[in-house]
Amino acid sequence: MGKRKLAQVGQEAVERLDLPPEVAAGVPQMELYGNRQIYLSGHRGVISYSTEEVAVAGGSLTVRITGTELQLAAMTAEELRLTGRIKQVELME
């Protein structure tokens, strides 16, 4: 099955299941809890990590979180939780 046909089948499944469009787009979902914690689901791995900056692959986007005392509190193949003092969340294509 070609990429175009596969994308069409995927789009039809999203419409039939009434899923949000961002699920089909392959971008991570994010929840920010004040400036102390961020939760990402649908990530594709950590690109770089320090206590002041974390870059996370998110399919078509890279999510860059900057701050101080950043710690990777939990991570699975699909989800991660980052804590610390979050100053900025940047989305890069």
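Author: Two strands count as paired if DSSP finds at least two bridges between them. With that in hand we can read this predicted model, beginning with strands β3 (residues 46-49) and β4 (residues 53-58).

Reader: How many bridges join β3 to β4?

Author: There are 3 bridges between β3 and β4, and the two strands run antiparallel. One bridge pairs Ser-48 with Ala-55 in β4. The connection between β3 and β4 is a hairpin of 3 residues.

Reader: How many helices and strands does the chain have, and in what pattern do they follow?

Author: The secondary structure consists of 2 helices and 6 strands. Along the sequence the pattern reads α-α-β-β-β-β-β-β.

Reader: Before going further, what pLDDT does the chain average?

Author: The general idea is that where pLDDT is low, the predicted coordinates should not be read in detail. Here the chain averages a pLDDT of 83, and 72% of the residues score at least 70. Over residues 1-7 the pLDDT is below 50, and this stretch has 2 contacts in the model beyond near neighbours in sequence.

Reader: Back to the strands. How many bridges join β4 to β5, and how many join β5 to β6?

Author: β4 and β5 are joined by 6 bridges and run antiparallel. In that pairing, Ala-57 stands opposite Thr-62 in β5. β5 and β6 are joined by 11 bridges, and they too run antiparallel. There, Ala-74 stands opposite Arg-81 in β6.

Reader: What connects these strands along the chain?

Author: Both connections are hairpins. Between β4 and β5 there are 2 residues, and Gly-59 in the turn has a positive phi of about 75°. β5 passes to β6 through 3 residues.

Reader: Which residue has a positive phi although it is not a glycine?

Author: In general, most residues other than glycine have a negative phi. In this model Glu-69 has a positive phi of about 55°. Glu-69 is found in strand β5, which covers residues 61-75.

Reader: Is Glu-69 buried or exposed?

Author: The cut-off for exposed is over 50% relative accessible area. Glu-69 has 52%, so it is exposed.

Reader: What would a residue at the other end of that scale look like, for instance Val-56?

Author: Buried means under 20% relative accessible area. Val-56 lies in strand β4. Its relative accessibility is 1%, so Val-56 counts as buried. For the chain as a whole, 27% of the 93 residues count as buried.

Reader: Which residues is Val-56 in contact with?

Author: Leaving aside neighbours within four places in sequence, the contacts of Val-56 include Leu-40, His-43, Val-46, Ile-47, Leu-61, Val-63, Ile-65 and Leu-80. The C-alpha atoms of Val-56 and Val-46 are separated by 4.4 Å, although these residues are 10 apart along the chain.

Reader: How can I tell how far along the sequence contacts reach in general?

Author: Take the contacts in the chain with a separation of 6 or more; residues 24 or more positions apart account for 40% of them.

Reader: How many salt bridges does a search of the whole structure find?

Author: The search finds 1 salt bridge. This pair links distant parts of the chain, since Arg-64 belongs to strand β5 and Glu-90 to strand β6, 26 residues apart. The distance between the side chains of Arg-64 and Glu-90 is 2.4 Å, N to O.

Reader: How accessible are Arg-64 and Glu-90?

Author: Partly exposed is the range between buried and exposed. Arg-64 has 26% relative accessibility, so it counts as partly exposed. Glu-90 has 23%, so Glu-90 counts as partly exposed as well.

Reader: Which residues form a nonpolar patch on the surface?

Author: The patch is made of Met-30, Leu-32, Val-89 and Leu-91, with about 320 Å² of accessible area together. β1 (29-33) and β6 (79-92) are the elements that give two or more residues to the patch. Leu-32 sits in strand β1, and its relative accessible area of 48% makes it partly exposed.

Reader: In the patch I see Val-89 and Leu-91, while Glu-90 is in the salt bridge. What is the general idea about side chains in a strand?

Author: In a regular strand the side chains alternate between the two faces of the sheet.

Reader: Last, what does the accessible surface of the chain come to?

Author: The accessible surface is about 6,300 Å², and 51% of it belongs to carbon and sulfur atoms.

Methods: Residues are numbered from 1 along each chain as its sequence is written. This is a predicted model: local features need pLDDT of at least 70, side-chain atom pairs count only at pLDDT 80 or more; totals for chains, interfaces and linings use all residues. Side-chain values use heavy atoms; hydrogens and water are left out. pLDDT is the predictor's confidence in each residue, from 0 to 100. Contact means heavy atoms within 4.5 Å. Patches are made of residues with over 30% relative accessible area and no salt bridge: like charges are joined within 9 Å, nonpolar side chains (Val, Leu, Ile, Met, Phe, Trp, Tyr) within 5 Å. Accessible areas come from the Shrake-Rupley method with a 1.4 Å probe; for residues, only the protein chains shown count as cover. A salt bridge is a side-chain nitrogen of Lys or Arg within 4 Å of a carboxyl oxygen of Asp or Glu. Helices (H or I, at least four residues) and strands (E, at least two) are DSSP runs, numbered from the N terminus. Buried means under 20% relative accessible area, exposed over 50%, partly exposed in between (1.4 Å probe, protein chains only).
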